[in-house]
Amino acid sequence: MKKKKMVISQETMDVDFVRKVEALSGTSVRRCFQCGKCSAGCPMATFMEHPPNRVVRLLQLGQWQRVLAGRSIWYCASCETCTTRCPNKVDLASIMDALRKLSWDAEGASKESYVQLANKLFLQNIRTYGRQYEMRLAAVFNVKSGQFLKDLMLGPKLLAKGKLKMFHSKNKNMPEIEKIFTRIEEMRKKGEAL
Amino acid sequence: MSRIGVFICHCGENISRTVDVERVAAEIGKLSGVAFATDYKYMCSDPGQNLLKKAIQEQKLTHVVVAACSPRMHEKTFRKAVEAAGLNPFLCEMANIREHCSWVHENREEATVKAIDIVSMMVERVKKNRILPGITVPVTKRSLVIGGGIAGIQAALDIADCGHEVILVEREPSIGGHMAQLSETFPTLDCSQCIMTPKMVDVANHPKIKLYTYSEIELVEGYIGNFQVTIKKKARSVDEDKCTGCGVCMTKCPQKKIPNKFDQNIGMRTAIYVPFPQAVPNTPVIDRDNCTWFKTGKCGVCKKVCGPGAVDFEQQDTLVVEAVGAIVVATGFDLYSIDEKPKGSPIKGYGEFGHGKIPDVIDGMTFERLASASGPTGGKILRPSDGKEPKQIVFIQCVGSRAREKGISYCSKVCCMYTAKHTMLYHHKVHDGQAYVFFMDARTPGKSYDEFWRRSIEEEEAVYIRGMVSRLYQKGDKIVVMGSDIAVGVQVEIETDMVVLATAVQPQKGADLLAQKLGISYDKYNFYSEAHAKLRPVECATAGIYLAGACQGPKDIPETVSQASAAAAKVMTLFSKDKLEREPIVARVREAGCVGCFACKKVCAYGAVEEKEIRDRQGNLIKVVAYVNPGVCAGCGTCQATCPSKCVELDGYTDEQIIAMIEAL
């Protein structure tokens, strides 16, 4: 994907997605003239396959799949150095935020970093228990991500310090919590929320 | 015994960095005839000049040598200072120890020795300098403007408004030039015709402007203030005095399918034609190569239908001689063609872009004609091949320009802006279309220019892709553009309906030939050279000839108009005096020794050598000798070098002086 030839046409340039990013971040990607100052100051740029300036460039060309397929948006530390220094008032940190939000539903988004998996499990737990149940979160995450032994040795230490509980406790007001989730789901269906 | 004053300049550090100026002054002070030698930080500055003046008066100096920069830079400055101190200015000479010494050497010791040599040579030469009286020549207060584009029109109007007569010569049947071809102009998007045609009409109606269209410069003789210009009026085959411009001849002409050069050969015209409806003058021309009458001797329809009887098949080319005092050259530009390269041309073609064989690959000027409301499509953007509206359009910048391998290394300056304008015009006319631009840099250094370029991207939705296109090829009725986006670092492929190339700006064809007629210099691309890139940008090195517009180098309209007005101001400065002072560095013939072989006349590039009869008191012819007209002589010295009997001497550079210089070494 990274080096694949880019075929540009009105069909392959997904302007609607870019408009969504612009609406969500409140900034315009068209303003960017590719000076590279964002990438120059980015502390995480060395870890990204698309440095920040290229993320904006790909958005200009409506090539969001290329951006979301990579891990750049997940390595972004939201330090906002790029936004602070941009000569064209492109709020790149907000764009990164918007991309992370939009990647939830987007097809072909990167699964590499398991951030989305963690997010999903986190919310599932909240929905089920009304609060977080770390033991289950860790166990299910390890199973689903296929890394069964990940951070296993950390468990006893956390248990000993009382940071991790063996059994879950439940919120008393579960119907209220369920209401919040249903409302957001309905809004998402109508397109009112992400 | 002469009392020579020698002044060594440090030129800040330019000279003193490599030359021990104090030692030079000390050494030169020991030479015979040198009464005073000193050094100073900036001789050209006010205190430096005052030092010079003071020394002349206090030391009673008879000659002056200033050892500093090139005489091209400051000879006038110091001669003026010397004159102010009461000496004849031609008793002052400059020794060039900057360009010829300090700038080109690193070794301080050797450079100092060389500087001493250079200065002592000039000391020996200046000893033999004579007092030269100034030469004055009359000025003909009429001016010639070559080229009737926006540059020529502006210069002509400015000079004429000042009350001086102007002769405006245009090669094409109408004035207007390239600007008349444009649709809208950056960065304000005002219609080119709307701002151009009023000026064209002003030219036609101006009582002080004499307009020669469909005419060319045949011969230029003379010198500043006194040029004789022979103009060839090509046979129009239509009597300009009789023609009313009704246009019946054009509607009746049976030859209707001739490609119109004004419409970049997309639109068609008749054999008797005006290039465009707003032409000035509105008198048609018969294109004899395509006219049935001139090809077969039959037809003559235009003559039959012409009410005032203006059509005249018998008309011949005529030569007109005009006397003028100054010439403004404003011949403008032409566009690089990507067609296969012409034989003998140093400029290469673009095989990778199909050598101009793909019909929907057009150049920027053709796009202008398509977008122009008065163009062949009435302002609709349509493909030349099938007349369909292109829904995808690709613009490629820097085609020819900045391509050393193709033979042009300069930037054409206007393409970035006009391409941005093209994307806007396209977006305004084809709402559901998409414009792409392949570019290397966007060079927009003008008032409101960068904002205009950004607007094309941010508001008019043009997609700019930084990276060049490597190849174009036809695929069905589409053109495949293979390029790259260097910001992303991947290859890019676009299937498009039309491609517009921003081809390089070049001088007009035949610019070199005109330069040779005028005796002005031009660079390797045939752009005319100015006398000084920064301080004399509108004057030629040849006195009395000025430059305006793109004939000097690529320029946009505001710049062209500014330069045209500047050239007009220079002409008016020249015309402000009745007599003109010239440098008296001219050749003189020693008539007693001249044998009248006229070898000098043959080699003189300026036509300054005349024949002079010498008669005794009874009027009997003794002999014919050469005579150098001091008004024409440019002081090049070719005659001096040629004369077999050593009877021509150039003042200030006599054989005696040159030998004295050599002996000083």
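**Two chains, one shared strand pairing**

In chain B, β25(B) and strand β26 (residues 490-496) pair antiparallel over seven bridges; strands pair if DSSP finds at least two bridges between them, and both helices (H or I, at least four residues) and strands (E, at least two) are DSSP runs, numbered from the N terminus. β26(B) also pairs with chain A: strand β1 (residues 6-8) of chain A runs parallel to β26(B) over three bridges. Bear in mind that this is a predicted model, in which local features need pLDDT of at least 70, side-chain atom pairs count only at pLDDT 80 or more, and totals for chains, interfaces and linings use all residues. Residues are numbered from 1 along each chain as its sequence is written, while chains are lettered from A and ligands numbered from 1 in the order in which they are written.

**The β24-β25-β26 run in chain B**

- Going along β25(B) and β26(B), you'll find Gly483(B) opposite Val492(B).
- The hairpin of β25(B) and β26(B) has four residues between the strands, and Gly489(B) takes a positive phi near 85° there.
- On the other pairing of β25 (residues 478-485), six bridges join it antiparallel to strand β24 (residues 469-475) of chain B.
- Tyr473(B) faces Val480(B) across that pairing, with Val480(B) sitting in β25(B).
- β24(B) and β25(B) make a hairpin too, with two residues between them, and Gly476(B) in the turn has a positive phi of about 65°.

**Where the chains meet**

- In contact terms (C-beta atoms, placed from the backbone, within 7 Å), 16 residues of chain B meet 17 residues of chain A.
- On the chain B side, the elements giving two or more residues are β22 (434-439), α13 (449-458), β23 (463-466) and β26.
- β26(B) gives the most to that side, with six residues.
- By class, the chain B side has eight nonpolar, three polar and five charged residues; here Ala, Val, Leu, Ile, Met, Phe, Trp, Tyr, Cys and Pro count as nonpolar, Asp, Glu, Lys and Arg as charged, and the others, Gly among them, as polar.
- In the pairing between the chains, Met6(A) has Val492(B) as its bridge partner in β26(B).

**The five-stranded sheet in chain B**

- Chain B has an open sheet of five strands with parallel pairing, in the order β20-β27-β21-β22-β23.
- β20 (361-363) and β23 of chain B stand at the edges with a single partner strand each, so one side of each is left without a neighbour in the sheet.
- Neighbouring strands are turned by 25° against each other on average, direction ignored; axes are lines fitted to C-alpha atoms, for helices over the stretch in contact, and angles run from 0 to 180 degrees between N-to-C directions.
- β20(B) pairs parallel with strand β27 (residues 498-503) of chain B over three bridges, and Val361(B) stands opposite Val499(B) in β27(B).
- Helix α11 (residues 364-371) of chain B packs on the sheet, touching β20 and β27 of chain B, with its direction at about 90° to that of β20(B).

**Cores and a buried tyrosine**

- The largest nonpolar core (buried Ala, Val, Leu, Ile, Met, Phe, Trp, Tyr and Cys residues joined through C-beta atoms within 7 Å) has 167 residues, and Ala155(B) and Ala156(B) have the most contacts inside it.
- Leaving out residues up to four places away in sequence, Ala156(B) touches Val145(B), Val166(B), Leu168(B), Val203(B) and Ile209(B).
- A second, separate core of 46 residues includes Ala55(B), Ala67(B), Phe78(B) and Ile118(B).
- Tyr426(B), in helix α12 (residues 415-429) of chain B, is buried because 25 other C-beta atoms lie within 10 Å; buried takes 20 or more such atoms within 10 Å, exposed 12 or fewer, and partly exposed is in between, with C-beta atoms placed from the backbone.
- Again not counting residues up to four places away in sequence, Tyr426(B) touches Ile381(B), Ile393(B), Gly433(B) and Ala435(B).

**Domains and chain A**

- Domain bounds come from an automatic or database domain assignment, which gives chain B domain 1 (4-127), domain 2 (135-234 + 317-332 + 529-578), domain 3 (236-316), domain 4 (337-506) and domain 5 (587-663).
- The C-alpha centres of domains 1 and 4 of chain B lie 56 Å apart.
- Chain A is assigned domain 1 (15-102) and domain 2 (115-188), with 30 Å between their C-alpha centres.
- Chain A has eleven helices and one strand, and 24% of its 194 residues count as buried.

Definitions and conventions. Contact = placed C-beta atoms within 7 Å.
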